[in-house]
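Me: I'd like to practise reading features off a model, one at a time. Could you walk me through this one?

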Amino acid sequence: MRSSRKGETLAELLYQEGVRNQQVLNAIAATPRDLFLPDALKHKAYQNTALPIGQGQTISQPYIVARMTELLLEAANQPKKVLEIGTGSGYQTAILAQLFNNVFSVERIKSLQFQAKRRMNHLDLHNIAMKHGDGWRGWASKGPFDAIIVTAAASRIPDDLLLQIEDGGRLIIPVGNEQQQLLCIDRTEGELQTKTVESVRFVPLVEGDLL
(Lines give C-alpha, C1' and ligand atoms only; values in the text may rest on other atoms or scores of the structure.)
Protein backbone atom coordinates (compact mmCIF):
# COMPACT_ATOMS: atom_id res chain seq x y z
CA MET A 1 0.00 0.00 0.00
CA ARG A 2 1.17 3.53 -0.75
CA SER A 3 1.14 6.31 1.81
CA SER A 4 -1.24 9.24 1.42
CA ARG A 5 -0.68 12.87 2.36
CA LYS A 6 -3.19 12.56 5.21
CA GLY A 7 -1.57 9.33 6.35
CA GLU A 8 1.87 10.91 6.33
CA THR A 9 0.57 13.86 8.35
CA LEU A 10 -0.85 11.45 10.92
CA ALA A 11 2.46 9.56 11.05
CA GLU A 12 4.31 12.85 11.62
CA LEU A 13 1.94 13.66 14.49
CA LEU A 14 2.59 10.26 16.07
CA TYR A 15 6.33 10.83 15.76
CA GLN A 16 5.88 14.06 17.71
CA GLU A 17 3.92 12.05 20.31
CA GLY A 18 6.91 9.76 20.83
CA VAL A 19 6.46 6.87 18.36
CA ARG A 20 9.91 6.27 16.88
CA ASN A 21 9.76 2.97 14.98
CA GLN A 22 9.91 3.88 11.30
CA GLN A 23 8.28 0.62 10.18
CA VAL A 24 5.25 1.43 12.33
CA LEU A 25 5.08 5.01 11.09
CA ASN A 26 5.28 3.82 7.46
CA ALA A 27 2.42 1.37 8.06
CA ILE A 28 0.31 4.14 9.64
CA ALA A 29 1.01 6.42 6.67
CA ALA A 30 0.07 3.70 4.17
CA THR A 31 -3.19 2.55 5.83
CA PRO A 32 -6.36 4.42 4.79
CA ARG A 33 -8.00 4.85 8.21
CA ASP A 34 -11.16 6.30 6.64
CA LEU A 35 -11.85 2.84 5.16
CA PHE A 36 -12.44 1.53 8.71
CA LEU A 37 -15.02 4.11 9.76
CA PRO A 38 -18.74 4.74 9.18
CA ASP A 39 -19.43 7.35 6.50
CA ALA A 40 -20.53 9.94 9.09
CA LEU A 41 -17.11 9.81 10.77
CA LYS A 42 -14.77 9.54 7.80
CA HIS A 43 -13.92 13.25 8.06
CA LYS A 44 -12.32 12.51 11.45
CA ALA A 45 -10.31 9.53 10.21
CA TYR A 46 -6.88 11.12 10.44
CA GLN A 47 -7.35 12.73 13.84
CA ASN A 48 -5.43 11.14 16.70
CA THR A 49 -8.54 10.00 18.53
CA ALA A 50 -10.61 6.87 19.15
CA LEU A 51 -13.95 6.80 17.32
CA PRO A 52 -17.12 4.66 17.57
CA ILE A 53 -17.67 1.93 14.95
CA GLY A 54 -21.00 0.54 16.23
CA GLN A 55 -21.89 -2.43 18.46
CA GLY A 56 -20.49 -0.49 21.41
CA GLN A 57 -16.97 -0.78 19.98
CA THR A 58 -14.36 1.77 18.90
CA ILE A 59 -11.47 2.12 16.50
CA SER A 60 -8.48 2.81 18.74
CA GLN A 61 -6.59 6.07 18.88
CA PRO A 62 -3.79 5.92 16.27
CA TYR A 63 -1.16 6.69 18.92
CA ILE A 64 -2.20 3.62 20.94
CA VAL A 65 -2.27 1.43 17.81
CA ALA A 66 1.23 2.59 16.92
CA ARG A 67 2.60 2.33 20.47
CA MET A 68 1.30 -1.22 21.00
CA THR A 69 2.65 -2.31 17.62
CA GLU A 70 6.02 -0.73 18.41
CA LEU A 71 6.14 -2.71 21.67
CA LEU A 72 5.50 -5.94 19.76
CA LEU A 73 8.34 -5.22 17.36
CA GLU A 74 10.69 -4.60 20.30
CA ALA A 75 10.16 -8.14 21.65
CA ALA A 76 13.39 -10.11 22.07
CA ASN A 77 12.26 -12.96 19.80
CA GLN A 78 11.63 -10.71 16.75
CA PRO A 79 8.05 -12.01 16.37
CA LYS A 80 6.72 -13.26 13.06
CA LYS A 81 3.51 -15.02 14.19
CA VAL A 82 1.12 -12.73 16.08
CA LEU A 83 -2.29 -13.24 17.70
CA GLU A 84 -4.63 -10.25 17.92
CA ILE A 85 -7.55 -10.37 20.36
CA GLY A 86 -10.34 -8.05 19.21
CA THR A 87 -10.38 -7.55 15.45
CA GLY A 88 -12.94 -4.72 15.68
CA SER A 89 -12.83 -2.56 12.57
CA GLY A 90 -9.65 -4.30 11.40
CA TYR A 91 -7.48 -1.17 11.52
CA GLN A 92 -4.98 -2.59 13.99
CA THR A 93 -5.10 -5.88 12.06
CA ALA A 94 -4.11 -4.11 8.86
CA ILE A 95 -1.15 -2.43 10.58
CA LEU A 96 0.02 -5.78 11.98
CA ALA A 97 -0.33 -7.52 8.61
CA GLN A 98 2.17 -5.11 7.06
CA LEU A 99 4.79 -5.82 9.75
CA PHE A 100 4.49 -9.51 10.68
CA ASN A 101 4.49 -12.66 8.55
CA ASN A 102 1.31 -14.19 9.96
CA VAL A 103 -1.53 -12.54 11.87
CA PHE A 104 -4.30 -14.45 13.62
CA SER A 105 -7.24 -12.36 14.83
CA VAL A 106 -10.19 -13.26 17.06
CA GLU A 107 -13.45 -11.25 17.25
CA ARG A 108 -16.59 -12.08 19.25
CA ILE A 109 -18.97 -9.89 17.18
CA LYS A 110 -19.67 -11.66 13.88
CA SER A 111 -20.79 -8.57 11.94
CA LEU A 112 -17.58 -6.70 12.80
CA GLN A 113 -15.48 -9.70 11.79
CA PHE A 114 -17.30 -9.92 8.44
CA GLN A 115 -16.72 -6.23 7.70
CA ALA A 116 -13.06 -6.44 8.72
CA LYS A 117 -12.50 -9.43 6.45
CA ARG A 118 -13.89 -7.49 3.49
CA ARG A 119 -11.55 -4.59 4.26
CA MET A 120 -8.52 -6.89 4.37
CA ASN A 121 -9.44 -8.26 0.95
CA HIS A 122 -9.91 -4.73 -0.37
CA LEU A 123 -6.41 -3.82 0.87
CA ASP A 124 -4.96 -7.04 -0.60
CA LEU A 125 -3.75 -8.22 2.81
CA HIS A 126 -3.85 -12.01 2.75
CA ASN A 127 -1.54 -13.08 5.58
CA ILE A 128 -4.40 -12.86 8.11
CA ALA A 129 -6.54 -15.66 9.54
CA MET A 130 -9.72 -14.64 11.37
CA LYS A 131 -11.88 -16.45 13.90
CA HIS A 132 -15.29 -15.70 15.41
CA GLY A 133 -14.63 -16.58 19.03
CA ASP A 134 -14.14 -15.63 22.67
CA GLY A 135 -10.95 -13.60 22.93
CA TRP A 136 -10.40 -14.72 26.53
CA ARG A 137 -9.65 -18.19 25.16
CA GLY A 138 -7.24 -17.05 22.45
CA TRP A 139 -6.74 -19.47 19.55
CA ALA A 140 -5.00 -22.50 21.03
CA SER A 141 -5.12 -24.65 17.89
CA LYS A 142 -3.01 -22.08 16.01
CA GLY A 143 -0.63 -21.37 18.88
CA PRO A 144 1.74 -20.92 20.42
CA PHE A 145 2.41 -17.39 19.19
CA ASP A 146 5.53 -15.24 19.13
CA ALA A 147 3.47 -12.32 20.42
CA ILE A 148 -0.10 -11.49 21.43
CA ILE A 149 -1.80 -8.09 21.33
CA VAL A 150 -5.13 -7.46 23.06
CA THR A 151 -7.20 -4.47 21.92
CA ALA A 152 -9.80 -4.38 24.71
CA ALA A 153 -9.35 -4.08 28.47
CA ALA A 154 -9.45 -7.29 30.48
CA SER A 155 -10.47 -7.25 34.14
CA ARG A 156 -7.55 -9.62 34.75
CA ILE A 157 -4.86 -11.26 32.62
CA PRO A 158 -6.47 -14.24 30.82
CA ASP A 159 -4.68 -17.48 31.75
CA ASP A 160 -5.33 -18.99 28.31
CA LEU A 161 -3.40 -16.18 26.63
CA LEU A 162 -0.39 -16.64 28.90
CA LEU A 163 -0.32 -20.32 27.95
CA GLN A 164 -0.27 -19.47 24.23
CA ILE A 165 2.89 -17.31 24.28
CA GLU A 166 6.12 -18.87 23.03
CA ASP A 167 9.14 -18.75 25.32
CA GLY A 168 10.82 -15.45 24.52
CA GLY A 169 7.46 -14.03 23.45
CA ARG A 170 5.50 -10.98 24.55
CA LEU A 171 1.91 -10.13 25.49
CA ILE A 172 0.65 -6.55 25.22
CA ILE A 173 -2.64 -6.09 27.08
CA PRO A 174 -4.67 -3.31 28.75
CA VAL A 175 -5.89 -4.45 32.19
CA GLY A 176 -8.37 -2.85 34.57
CA ASN A 177 -11.91 -1.56 34.80
CA GLU A 178 -12.26 2.14 35.61
CA GLN A 179 -8.50 2.66 35.76
CA GLN A 180 -6.68 0.74 33.04
CA GLN A 181 -2.97 0.15 32.57
CA LEU A 182 -1.24 -1.08 29.43
CA LEU A 183 0.95 -4.02 30.43
CA CYS A 184 3.90 -5.57 28.60
CA ILE A 185 4.45 -9.18 29.70
CA ASP A 186 7.52 -11.12 28.56
CA ARG A 187 7.97 -14.89 28.92
CA THR A 188 11.64 -15.72 29.47
CA GLU A 189 12.66 -19.30 30.25
CA GLY A 190 9.18 -19.96 31.57
CA GLU A 191 9.15 -16.92 33.87
CA LEU A 192 6.81 -13.96 33.34
CA GLN A 193 8.08 -10.42 33.65
CA THR A 194 5.48 -7.64 33.69
CA LYS A 195 6.07 -3.96 32.98
CA THR A 196 3.47 -1.17 33.15
CA VAL A 197 3.69 1.04 30.05
CA GLU A 198 1.08 3.77 30.57
CA SER A 199 -2.53 4.53 31.48
CA VAL A 200 -5.04 3.80 28.71
CA ARG A 201 -8.77 3.71 27.98
CA PHE A 202 -10.30 0.75 26.09
CA VAL A 203 -13.71 -0.86 25.80
CA PRO A 204 -14.02 -4.00 27.98
CA LEU A 205 -12.82 -7.41 26.81
CA VAL A 206 -16.09 -9.32 27.15
CA GLU A 207 -15.89 -12.95 28.19
CA GLY A 208 -18.27 -15.70 27.09
CA ASP A 209 -21.28 -15.37 24.76
CA LEU A 210 -20.61 -14.49 21.10
CA LEU A 211 -22.61 -12.00 19.04
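**Salt bridges first**

Reply: Let's start with a charged pair: R67 and E70 form a salt bridge, and their closest N and O atoms are 3.0 Å apart. Keep in mind that this is a predicted model.

Me: Where do R67 and E70 sit relative to each other in the helix?

Reply: For a pair within one helix, look at the spacing in sequence. R67 and E70 are 3 residues apart in helix α3 (residues 62-73), so about one helical turn separates them.

Me: And are R67 and E70 buried or exposed?

Reply: Both R67 and E70 are buried. Buried here stands for under 20% relative accessible area.

Me: How many salt bridges are there by this rule?

Reply: The count comes to 5 salt bridges. One of them pairs R156 with E207, with the closest N and O atoms 3.6 Å apart. This pair links distant parts of the chain: R156 is in the loop between β6 and α6 (159-163), E207 is in the segment after β9, and their positions lie 51 residues apart in sequence.

Me: How accessible are R156 and E207?

Reply: R156 has a relative accessible area of 45%, so it counts as partly exposed. E207 is also at 45% relative accessibility, and is therefore partly exposed.

Me: What does the salt bridge of K42 look like?

Reply: The partner of K42 is D39, and the closest N and O atoms are 4.0 Å apart. The cut-off is within 4 Å. K42 is partly exposed, at 28% relative accessible area, whereas D39 is exposed, at 66%.

**A charge without a partner**

Me: What should I check when a charged residue such as D146 is buried?

Reply: Look for the nearest side chain of opposite charge. For D146 that is K80, 6.5 Å away, and D146 has no salt bridge. Since a salt bridge needs a side-chain nitrogen within 4 Å of a carboxyl oxygen, finding an opposite charge in the area isn't enough by itself.

Me: Where is D146, and what is it in contact with?

Reply: D146 belongs to strand β6 (residues 145-150). Leaving aside neighbours within four places in sequence, its contacts are N77, P79, K80, K81, E166, G169 and R170. So K80 shows up as a contact of D146, even though there is no salt bridge for D146; contact is judged on heavy atoms within 4.5 Å, which is why the two readings can go together.

**Charge on the surface**

Me: Which residues make up the patch of negative charge?

Reply: To read a patch, look for like charges gathered on the surface. Here they are E166, D167, E189 and E191. E191 is in strand β9 (residues 191-200) and is exposed, with a relative accessible area of 54%. E189 is in the loop between β8 (180-188) and β9, and at 71% relative accessible area it is exposed as well.

**Backbone oddities**

Me: What is there to notice in the phi of E189?

Reply: Check the sign, then the residue type. Phi of E189 is near 50°, a positive value in a residue other than glycine. Q55 is another case, with phi near 60°. Q55 lies in the loop between β1 (51-54) and β2 (57-59) and is partly exposed, with a relative accessible area of 48%.

Me: Which residues does the cis peptide bond join?

Reply: For that one, turn to omega. The bond between G143 and P144 is cis, with omega at about 0°, and P144 is in the loop between β5 and β6.

**Sequence versus space**

Me: How far apart are D124 and W139 in space?

Reply: Set the sequence separation beside the C-alpha distance. D124 and W139 are 15 residues apart in sequence and 24 Å apart, C-alpha to C-alpha. For T93 and H132, the values are 39 residues and 15 Å. D124 is in the loop between α5 (110-122) and β5 (128-132) and is exposed, at 55% relative accessible area.

Me: Is T93 buried or exposed, and what does it touch?

Reply: T93, in helix α4 (residues 91-97), is at 0% relative accessibility, so it counts as buried. Not counting residues up to four places away in sequence, T93 touches E84, T87, V103, S105, M120, I128 and M130.

Conventions: Residues are numbered from 1 along each chain as its sequence is written. This is a predicted model: local features need pLDDT of at least 70, side-chain atom pairs count only at pLDDT 80 or more; totals for chains, interfaces and linings use all residues. Side-chain values use heavy atoms; hydrogens and water are left out. Patches are made of residues with over 30% relative accessible area and no salt bridge: like charges are joined within 9 Å, nonpolar side chains (Val, Leu, Ile, Met, Phe, Trp, Tyr) within 5 Å. Accessible areas come from the Shrake-Rupley method with a 1.4 Å probe; for residues, only the protein chains shown count as cover. Lys and Arg count as positive and Asp and Glu as negative; His and the chain ends are not counted. The place of a charge is taken as NZ of Lys, CZ of Arg, CG of Asp or CD of Glu. Helices (H or I, at least four residues) and strands (E, at least two) are DSSP runs, numbered from the N terminus. Buried means under 20% relative accessible area, exposed over 50%, partly exposed in between (1.4 Å probe, protein chains only).
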